[in-house]
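The exercises below are to be worked with the sequence and the coordinates at hand. Each task is followed by a solution in steps.

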Number of protein chains: 2
Amino acid sequence: MGELERLLHAEPVVVTAGIEVLAAALGAQSVAVHRIDWRPPFGGTEVALAGLAASPKVAEANEIAIARLLEVRPHLVDVLPAGEVVPGLAGRTFLHAGPPLSWEQASGPMRGALIGAMLYERLAATPEEAASKLAAGGVELSPCHHHRAAGPMAGVISPSMPVLVVENPATGGVAYSTLNEGLGKVLRYGAYAPEVIDRLRWMERVLGPVIGDALRRSGPLDLRSLIAQALQMGDDGHNRNRAGTSLLLRAIGAALVESDVATVADRSAVYSFVDSNDHFMLNVVMAAGKLIVDAASGIEYSSLVTTMARNGTEFGIRVSGTGGRWFTAPAPVVDGLYLGSFTADDANPDIGDSAITETIGLGGFAMAASPAIVGFVGGTAAGAVQRTLAMYEITMAEHPSYQIPILEFRGTPTGIDATLVARTGVLPQINTGIAGKEAGVGMVGAGLVEAPMECFADAVKSLARRLSDDAAA
Amino acid sequence: MGELERLLHAEPVVVTAGIEVLAAALGAQSVAVHRIDWRPPFGGTEVALAGLAASPKVAEANEIAIARLLEVRPHLVDVLPAGEVVPGLAGRTFLHAGPPLSWEQASGPMRGALIGAMLYERLAATPEEAASKLAAGGVELSPCHHHRAAGPMAGVISPSMPVLVVENPATGGVAYSTLNEGLGKVLRYGAYAPEVIDRLRWMERVLGPVIGDALRRSGPLDLRSLIAQALQMGDDGHNRNRAGTSLLLRAIGAALVESDVATVADRSAVYSFVDSNDHFMLNVVMAAGKLIVDAASGIEYSSLVTTMARNGTEFGIRVSGTGGRWFTAPAPVVDGLYLGSFTADDANPDIGDSAITETIGLGGFAMAASPAIVGFVGGTAAGAVQRTLAMYEITMAEHPSYQIPILEFRGTPTGIDATLVARTGVLPQINTGIAGKEAGVGMVGAGLVEAPMECFADAVKSLARRLSDDAAA
């Protein structure tokens, strides 16, 4: 009996997709119904999605883009002053997280961080002076993402700050991020109290040079391997970086013992500073992420998401096939756990370049590897696994190195396809810190947020227009 | 309608326990059957189990014993020469893993380790001379477990070896273990080549003093907290100790930078030695375990298992209510993954005191926290979770500090009740390294093994006899 005959002899089975009322009516007549979770594409994207799906160019471009994203092997090689290495940071330019932003549009924590950078760079003596100079356009503001850099939360990078230098030995590509300051009152959460500025000066004078020296002594650190190991140890690479921080410190510790740079007390203080901050590795992962997404950018017709970033006012994405263009929407509010007496009323909308971790298959996409993270961002361990499973719906690949032990070493869902987001309605899951909305407050909590659909819908429509324009040309 | 009335009005439900033929007969008549997984107690233990179950003394004793086991907070405080601190190690005594053993009974790896210790202590110039002196009774052999100590694999401790010193600040209790040598050709796996002896001498001259100094500088290290954190980072505390080793190194790293003991090169070498050996933490966990099980020992009538240990020839257990008495059975063969070209034919039977980790709710009992361990010991991540779930059947408590994130932070199954093992037939799961059966070979693999039922059955019968003897007296 062939397949078709078997089908004709079997009991009929009803499969329903979409409208529940039909399934319910059959159910009421005691007919067994298999419901398929299906929704129509996001409104207004139907034609664009059909056009993109019909073109072999898109599939070919996506193959190239995801291959490039997966092949990068970032190595941490040095720490150097931002002004010496980050392109376009000469003169009075400050970098910030997310899509382009003016002082007028900037949220409280972004303003706080910019004010702090003015004080730190000695461009102003008081917060008031700093604010008025910033309002007068005395400093040019530019996204980190336009300068081979990524910064968590406000993501402000000013020329005197030391930055992590991450290289791709295969291509000579390079990317940067600041050094993580720890939790509590820190610049990236918009705090600018004297203790914040003093810490930044110590980071410039001691932390950066000592870690740079240790890295040069111990040699390039293979971050793909280190991150892969950290996932086996319960990190997600975004808000849980305890293992990665430990492995990083293990890798440079002997060099800190041996070094003749700085005093013994300074080197011991550097060791203790990193040891006391389990988020230290976050910025390293972000610099690696920037190297990775830049390698996958600019592949004509590809719908691979190469940037997800928030400036505290807007959430913005970029897609490989539409190059440098940002697709933005208002930054959403994070659903999370709050520190001390803070509540959701104190929270600024979502902020930071750290969603670059989700863009490369980590963070919210790797939460199944990191069940302990729910103590920081809320939810259950089972929920963390479900979030990862959902992300396979909207990604192009399973990462060959970033494996999730509890899913029998399945690779993390990696490489967001904007067309899959629009088609399925499944939004990228991001876990993140929450900044206080007032300048100067700092961190108020941590939680989970979804990227806004509008960004993906606009990107899909733009990509479809490019495709049809080119076909018509 | 009351509960009982509801029952009378409902459809009857058949629940079957035990013999499958009855359930199958009902199933054949289309009656829905709920099968309960039940087996009769292990043959010969029925009367003993009934006697113990009927006595409130046993339940009371177990409450005390498990409370003592759970309340210990071990602190790692120092590293000192075994001969100076381990009780009863003066003169020509060597300690070994597992229950008491003579040279004649000793397996290949145990003989190899004893020969190595003879060479290391300069009591013999050649392996042949060492073997003949050992055969002539030139050295007294005594179990580590009789001397507040525990040692992995052969577990040989000789007077010149440095030992980890773990204290209970609440009681002044103390326990010891050697420092872990790393993998490959090492004494504990029965190797005694010159490189093995040279490493032991370096550990005595450099590693021990430098780590001891670092611990005194950084202060007592709270191991309960450290182990709890390591479980959240994918350790099981037995064969996966990558996180614990990382956290230990983080805790003493600044002191290694600051120290003025030894040369900079020596301190850097110590850092790199620990960094290169992810099993370094195992011996620390074992010393903590020895402190914990000793605190729960000697509670009259308690059926809590306080020792599971193997000498390579026999597997032995001790139970709180029967004090120092060992219940032994032939050591089983481990089912596992083999290194290189080794096969099961090369494997020695199970060996080592490291099953102390399982005795305190870690190792095979905590494998759900450590899915990545299956890459080392074999099996699947789902299987690792199942092993932990099975251990809740035979344990007295869920550990309040050792939590398993993926099980929504449920505490690890802790405190084996020998009566539950005999009653359910569920055997304690141990994950372990595998030594080559020939002296001098070293490690050949790692895998999983079950403790032999005979030990538990004998312990249960012995405990029941004590109870009835006392009642009759």
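Conventions come first, then four exercises.

The model is predicted, so local features need pLDDT of at least 70 and side-chain atom pairs count only at pLDDT 80 or more, while totals for chains, interfaces and linings use all residues. Residues are numbered from 1 along each chain as its sequence is written, and chains are lettered from A and ligands numbered from 1 in the order in which they are written. Helices (H or I, at least four residues) and strands (E, at least two) are DSSP runs, numbered from the N terminus.

**Exercise 1. Compare the span of helix α8 of chain A with its expected value, and describe the helix's bend and packing.**

Step 1. The expected span is 1.5 Å times one less than the number of residues. For the 25 residues of α8(A), residues 194-218, this gives 36 Å; the end C-alpha atoms are 34 Å apart, which agrees.

Step 2. Take the bend at a residue as the angle between axes fitted to the seven residues ending there and the seven starting there. α8(A) has a kink of about 45°, centred on Met203(A).

Step 3. A residue is buried if 20 or more other C-beta atoms, placed from the backbone, lie within 10 Å of its own, exposed if 12 or fewer, and partly exposed in between. Met203(A) is itself buried, and the buried residues of α8(A) also include Val196(A), Leu200(A) and Leu207(A).

Step 4. Contact requires C-beta atoms, placed from the backbone, within 7 Å. The buried residues of α8(A) pack against β3, α6, β6, β8, α10 and α11 of chain A. After the helix comes Gly219(A), with a positive phi near 90°.

**Exercise 2. Locate Arg122(A) and Ala262(A), and state phi and exposure for each.**

Step 1. Most residues other than glycine have a negative phi. Phi is nevertheless positive in Arg122(A), near 60°, and in Ala262(A), near 65°.

Step 2. Arg122(A) is in the loop between α6 and α7 of chain A. It counts as exposed because it has 9 C-beta neighbours inside 10 Å.

Step 3. Ala262(A) lies in the loop between α10 and α11 of chain A. With 18 other C-beta atoms within 10 Å, Ala262(A) is partly exposed.

**Exercise 3. Give the strand order of two open sheets of chain A and identify their edges.**

Step 1. Strands pair if DSSP finds at least two bridges between them. One sheet has 3 strands in the order β12-β17-β16, paired antiparallel. β12(A) and β16(A) each have a single partner strand, so one side of each lacks a neighbour in the sheet.

Step 2. β16(A) and β17(A) pair over 7 bridges, and Ala435(A) stands opposite Met443(A).

Step 3. The other sheet has 4 strands, β11-β10-β9-β13, also antiparallel. Its edges are β11(A) and β13(A).

Step 4. β9(A) and β10(A) share 5 bridges, and Met308(A) has Ile317(A) as its bridge partner. Helix α17(A) packs on this sheet, touching β10(A) and β11(A), and its direction makes about 30° with that of β10(A); axes are lines fitted to C-alpha atoms, for helices over the stretch in contact, and angles run from 0 to 180 degrees between N-to-C directions.

**Exercise 4. How many residues does each chain bring to the contact between chains A and B?**

Step 1. Chain B brings 27 residues and chain A 28 residues.

Step 2. On the side of chain B, α10(B) and α11(B) each supply at least two residues, and the largest share, 11 residues, comes from α10(B).

Notes:
Two residues are in contact if their C-beta atoms, placed from the backbone, lie within 7 Å.
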